[in-house]
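This report describes one protein chain, beginning with a single residue and its surroundings and then widening to the whole fold. The sequence and the structure are shown below.

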Amino acid sequence: MVGRVHQLQTYERAYGAAMDLYRASKAWPKEERYALVDQIRRSSRSVCANMAEAWAKRPYPKHFVSKLSDAHGEAEETLVWIRFARDCDYLNPEAAERLTEIYRRVIGGLIKMMRRPGPWCGPARR
């Protein structure tokens, strides 16, 4: 049984990818600092932050699903920024594809949890 949010495989994937994006974005041009760099760091970190908030709201299934939905939206936004980074030649195509695949798996995990919140929520989790 999972007791903490960072024990979730989906969370760990998102966290690792956010750290990979942080490290990669350190080398991006200064003119992208407030546009692409801040946006990709913010959205990728927000996936994890929203998952942590969802985890705290497990006793309340609707709130749990709502925060997971926010995490899903942030993951989708991160995919857009990865595409921009690739097309601007800040991420090589292989790195962009690897990160895209990770975020697709994160999104899949979030959707599964949203569709069936019961195993994660309810009276036994209070």
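## Thr-100 and its contacts

Leaving aside residues up to four places away in sequence, Thr-100 touches Leu-79 and Ile-82. The model in which these contacts are found is a predicted one. Thr-100 is found in helix α4, which covers residues 93-115. The relative accessible area of Thr-100 is 14%; because the cut-off for a buried residue is under 20%, Thr-100 counts as buried.

Ile-82, one of the two residues touched by Thr-100, can also be placed relative to Tyr-15. The two residues are 67 apart in sequence, and their C-alpha atoms are 15 Å apart in space. Tyr-15 has its place in helix α1, residues 9-25. With a relative accessible area of 40%, Tyr-15 is partly exposed.

## Overall fold

The chain contains four helices and zero strands. Read along the sequence, the pattern is therefore written α-α-α-α. The chain has a radius of gyration of 15 Å, close to the 14 Å given by the globule rule for 126 residues, so the chain is as compact as a globular protein of that length. The C-alpha trace spans about 50 × 25 × 20 Å along its principal axes.

Contacts between residues at least 6 apart in sequence give a further view of the fold: 71% of them join residues at least 24 apart.

## Surface and charge

Of the 126 residues in the chain, 43% count as buried. The accessible surface comes to about 7,500 Å², and carbon and sulfur atoms account for 51% of that surface.

The chain carries 23 positive and 15 negative side chains. The centres of these two sets lie 10 Å apart.

## A buried asparagine in helix α2

Is Asn-50 buried or exposed? Its relative accessible area is 7%, so Asn-50 is buried, the cut-off being under 20%. Asn-50 has its place in helix α2, which covers residues 33-56.

The residues touched by Asn-50 are Lys-67, Asp-70, Ala-71 and Glu-74, when residues up to four places away in sequence are not counted. Helix α3 covers residues 61-87, and these four contact residues fall within that range.

## An aromatic pair in helix α3

A pair of aromatic rings is described by the distance of the centres and the angle of the planes. The structure holds four aromatic pairs. One of them is formed by Trp-81 and Phe-84, whose ring centres are 5.8 Å apart and whose planes stand at 35°, so this pair is tilted. An angle under 30 degrees would have counted as stacked, and one over 60 as edge-to-face.

Both Trp-81 and Phe-84 lie in helix α3, three residues apart, which is about one turn of the helix. Phe-84 has a relative accessibility of 46% and counts as partly exposed.

## Asp-89 in the loop after helix α3

Which backbone angle of Asp-89 is positive, although the residue is not a glycine? The phi of Asp-89 is positive, at about 65°. Most residues other than glycine have a negative phi.

Asp-89 is found in the loop between α3 and α4. With a relative accessibility of 69%, Asp-89 counts as exposed, because the cut-off for that class is over 50%. Thr-100, found in helix α4, is by contrast buried.

Conventions: Residues are numbered from 1 along each chain as its sequence is written. This is a predicted model: local features need pLDDT of at least 70, side-chain atom pairs count only at pLDDT 80 or more; totals for chains, interfaces and linings use all residues. Side-chain values use heavy atoms; hydrogens and water are left out. Helices (H or I, at least four residues) and strands (E, at least two) are DSSP runs, numbered from the N terminus. The radius of gyration is taken over C-alpha atoms; the globule rule is 2.2 Å times the number of residues to the power 0.38. Buried means under 20% relative accessible area, exposed over 50%, partly exposed in between (1.4 Å probe, protein chains only). Contact means heavy atoms within 4.5 Å. Accessible areas come from the Shrake-Rupley method with a 1.4 Å probe; for residues, only the protein chains shown count as cover. Lys and Arg count as positive and Asp and Glu as negative; His and the chain ends are not counted. The place of a charge is taken as NZ of Lys, CZ of Arg, CG of Asp or CD of Glu. Rings of Phe, Tyr and Trp (its six-membered ring) pair if their centres lie within 6.5 Å; planes under 30 degrees apart count as stacked, over 60 as edge-to-face and the rest as tilted.
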